[in-house]
Amino acid sequence: MTENTSTTAGRRVVALALTADGAPCGLGRAPRMAVAAVEDGRIADWRVAETDWDVLHDQGGHGQHHARIVRFMRENGVDVAAAGHMGPPMVNTLDKLGLAVVTGGPSDMDAEQAVLAVVERLVEG
């Protein structure tokens, strides 16, 4: 796990990969992404974006798909990317952008609980 030290400890913008049913999942084929602003241990803002990455993943090369994900992260001001799974090349790409990357989070939590667990994991180091 990497951490972006330029982000203040009091506020994080977390992107969490979600299934169509809203459960946490792997990043590359996530049909939806939750974007949550977490301030002082609570969710201050929450929205879900339809990404269709489950369909788009196999259209074009990996570089094109990675660019799609990077664009989403930048456009949404994300500084923490979280998913059940993320391939090493994508982890490397997001790390180079300065995002904290958290993988392998609990899949038995609802999405909001998972986001708070991700932030807690980063704070604990």
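**Group meeting: a pocket and the sheet**

Let me begin with the largest pocket, which holds about 190 Å³ of space. Thirteen is the count of residues that line this pocket, and those closest to its centre are Gly28, His57, His66, Gly87 and Met90. I should say at once that what you have in front of you is a predicted model, and that the pocket, like everything else I describe today, is computed from that model.

Which helix gives the most to the lining of the largest pocket? That is α2, with four residues. Helices α2, residues 62–75, and α3, residues 88–96, each supply at least two residues of the lining. For those of you thinking about the character of the lining, the classes come out as five nonpolar, eight polar and no charged residues.

Let me now step back to the whole chain. The protein has four helices and five strands, and, read from the N terminus, the elements follow the order β-β-β-α-α-β-α-β-α. Of the 125 residues, 42% are buried, and, if we take the contacts with a separation of 6 or more, 49% of them are between residues 24 or more positions apart.

The five strands form an open sheet, in the order β3-β2-β1-β4-β5, and the pairing in this sheet is mixed. At the edges we find β3 and β5, the latter being residues 100–103, and each of these pairs on one side only. From one strand to the next, the twist averages 20°. As a reminder, the strands of a sheet pair through backbone hydrogen bonds, and they may do so in either the parallel or the antiparallel sense.

I will take the antiparallel part of the sheet next. Strand β1, residues 11–18, pairs with β2 in the antiparallel sense over eight bridges, and within that pairing Ala15 stands opposite Val35 of β2. On to β3, residues 42–50: this strand is joined to β2 by eight bridges, and the two run antiparallel, with Glu39 standing opposite Arg42 of β3. The hairpin of β2 and β3 has two residues between the strands, and in this hairpin Asp40 takes a positive phi near 50°.

Why can we call strand β2 largely enclosed by the rest of the structure? The reason is that seven of the eight residues of β2, residues 32–39, are buried.

Turning to the parallel part, β1 pairs with β4, residues 80–83, in the parallel sense over three bridges. Here Val14 has Val80 of β4 as its bridge partner, while Ala15, which I mentioned opposite Val35 in β2, stands opposite Ala81 in β4. Strand β4 then pairs with β5, again in the parallel sense, over four bridges, and the bridge partner of Ala83 in β5 is Thr103. As for the side chains of β4, Val80 and Ala82 point one way and Ala81 and Ala83 the other way, and all of them are buried.

Across this sheet lies helix α4, residues 111–124, which crosses β1, β2, β3, β4 and β5 and runs at about 130° to β1.

I would like to finish with two individual residues. The first is Asn76, which has its place in the loop between α2 and β4. Is Asn76 buried or exposed? Its relative accessibility is 18%, and because the cut-off for buried is under 20%, Asn76 counts as buried. Leaving aside residues up to four places away in sequence, Asn76 touches Val13, Val35 and Arg47. With Val35 the C-alpha separation is 7.6 Å, although Asn76 and Val35 are 41 residues apart along the chain.

The second is Val48, which is found in strand β3. With a relative accessibility of 33%, Val48 counts as partly exposed. What does Val48 touch, not counting residues up to four places away in sequence? The list is Leu18, Arg32, Met33 and Ala34. The C-alpha atoms of Val48 and Ala34 are separated by 4.3 Å, and these two residues are 14 residues apart along the chain.

That is where I will stop, and I am happy to return to the pocket or to the sheet in the discussion.

Methods:
Residues are numbered from 1 along each chain as its sequence is written. This is a predicted model: local features need pLDDT of at least 70, side-chain atom pairs count only at pLDDT 80 or more; totals for chains, interfaces and linings use all residues. Side-chain values use heavy atoms; hydrogens and water are left out. Buried means under 20% relative accessible area, exposed over 50%, partly exposed in between (1.4 Å probe, protein chains only). Two strands pair if DSSP finds at least two bridges between them. Axes are lines fitted to C-alpha atoms, for helices over the stretch in contact, and angles run from 0 to 180 degrees between N-to-C directions. Contact means heavy atoms within 4.5 Å. On a 1 Å grid over the protein atoms alone, a cavity is a set of points where a 1.4 Å probe fits but cannot get out, and a pocket is an open set with protein on both sides within 12 Å along at least five of seven lines; lining residues have an atom within 4 Å of a point. Grid points are joined across faces, edges and corners, and a volume is the space filled by probe spheres set on the points. Ala, Val, Leu, Ile, Met, Phe, Trp, Tyr, Cys and Pro count as nonpolar, Asp, Glu, Lys and Arg as charged, and the others, Gly among them, as polar.
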